[in-house]
Amino acid sequence: MKSQLTTGNLLYLHGVGKNGAAPVLLELANEVDYAPSLMARIILERFLQEHEETPPSKSVINSLLRDPSQIPDGVLANQVYQCTVNDCCYGPLVDCIKHAIGHEHEILLRDLLLEKNLSFLDEDQLRAKGYDKTPDFILQVPIAVEGHIIHWIESKASFGDECSHHAYLHDQFWSYWNRFGPGLVIYWYGFIQELDCNRERGILLKACFPTDIVTLCHGAAAP
């Protein structure tokens with residue numbers, strides 16, 4: 001791997017030496033079938049290691065990728081910019097798009113909760129109360145969905161594949177379950193059905209907002 005990075009760095013230096021305005025780094029990434037933003041990160045890290053007294057931190061790297069104009073080398077800044085704006089899978093531009101889509105679906109979920117007259121606390125309100133890891137919404141009065149009690153709802157504007165779902169379980173969902181009890185995760189773009197295997201343990205998966213909600217009032221009115 002180290003030799004590959006060294007080779008890539010040499011190819012980059014040779015390319016920009018011939019024509020600094022050409023998309024050398026982007027073409028190199030495409031040639032080796034590597035994400036342009038990740039290639040830009042590698043070359044940027046190597047550049048900073050050679051020009052700084054201390055190894056660059058992750059936050060510094062991310063800041064430079066978001067705003068390449070901060071990179072002290074003008075040629076490298078242009079090369080990094082070309083990579084980030086032409087990467088459809090990774091990088092700061094894609095992160096911004098994902099964040100905007102995620103926020104849009106959180107607003108959609110909020111509107112649906114209000115439409116159903118469900119009382120809730122959102123993530124900002126929970127953080128103000130001192131919680132560090134919080135789902136998008138905590139229901140102040142639990143509901144039942146398909147026979148399962150729900151205390152919280154998390155919105156995911158993505159497809160629930162095996163890799164991402166297991167990461168979410170480890171990093172988020174089980175933490176929510178430990179603190180707030182059973183909850184519901186909405187994967188707005190669908191999910192692999194076999195992943196919905198933790199219902200009895202307290203985590204329910206849906207691809208849309210549930211229509212068969214049973215509220216406390218409904219339960220009290222039942223004979």
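Which residue in β5 does Val185 stand opposite? I began my notes with this point, and I found that Val185 stands opposite Leu205 in β5. I keep in mind throughout that the model is predicted.

**Entry 1: strand β4 and its neighbours**

I looked up the cover of β4, which spans residues 183-187, and noted that it is mostly covered, with five of its five residues buried. When I followed the side chains, Gly183, Val185 and Tyr187 pointed one way from the strand, while Leu184 and Ile186 pointed the other way, and all are buried.

I then turned to the pairing of β4. Strand β3, residues 148-156, pairs with β4 in the parallel sense over five bridges, and within β4 I found Ile186 as the bridge partner of Ser155. Between these two strands the chain passes through helix α8, residues 162-180, and I recorded the β-α-β crossover from β3 to β4 as right-handed. With strand β5, residues 203-206, β4 also runs parallel, and here four bridges join the two.

**Entry 2: salt bridges**

My next search was for salt bridges, of which the count comes to seven. One of them is formed by Asp122 and Arg110, whose closest N and O atoms are 2.6 Å apart. Asp122 belongs to strand β1 (residues 120-122) and Arg110 to helix α6 (residues 92-115), so this pair ties together parts that lie twelve residues apart in sequence. I checked the exposure of both partners: Asp122 is buried at a relative accessible area of 10%, whereas Arg110 is partly exposed at 30%.

I also looked up Glu146, which forms a salt bridge with Lys206 at 2.7 Å between the closest N and O atoms. Because Glu146 sits in the loop between β2 (137-145) and β3 while Lys206 sits in strand β5, the pair ties together parts that are 60 residues apart in sequence. Glu146 is partly exposed, with a relative accessible area of 35%, and Lys206 is buried, with a value of 15%. Both residues belong to a network of salt bridges that links Glu146, Asp196, Arg199 and Lys206.

**Entry 3: Lys156 and its partners**

Which residue forms a salt bridge with Lys156? I found Glu154, with the closest N and O atoms 3.3 Å apart. Glu154 is buried, having a relative accessible area of 5%, and Lys156 is likewise buried, at 9%. I noted a further contact of this lysine, since the charged end of Lys156 sits over the ring of Tyr168, 4.0 Å from the ring centre.

**Entry 4: aromatic pairs**

Finally I went through the aromatic pairs, of which the structure holds six. For Phe120 and Phe137 I noted ring centres 5.3 Å apart and planes at 90 degrees, so I entered the pair as edge-to-face. Phe120 lies in strand β1 and Phe137 in strand β2, and the pair therefore ties together parts that are 17 residues apart in sequence. Both Phe120 and Phe137 are buried.

I set beside them the aromatic pair of Tyr168 and Phe173, which is tilted, with 5.7 Å from centre to centre and 35 degrees between the planes. Its two partners differ in exposure, as Tyr168 is partly exposed with a relative accessible area of 23%, while Phe173 counts as buried at 0% relative accessibility.

Conventions
Residues are numbered from 1 along each chain as its sequence is written. This is a predicted model: local features need pLDDT of at least 70, side-chain atom pairs count only at pLDDT 80 or more; totals for chains, interfaces and linings use all residues. Side-chain values use heavy atoms; hydrogens and water are left out. Buried means under 20% relative accessible area, exposed over 50%, partly exposed in between (1.4 Å probe, protein chains only). Two strands pair if DSSP finds at least two bridges between them. A crossover is right-handed if, with the strands pointing away from the viewer, the path from the first strand over the helix to the second runs clockwise. A salt bridge is a side-chain nitrogen of Lys or Arg within 4 Å of a carboxyl oxygen of Asp or Glu. Rings of Phe, Tyr and Trp (its six-membered ring) pair if their centres lie within 6.5 Å; planes under 30 degrees apart count as stacked, over 60 as edge-to-face and the rest as tilted. A charge sits over a ring if NZ of Lys or CZ of Arg is within 6 Å of the ring centre and within 35 degrees of the ring normal.
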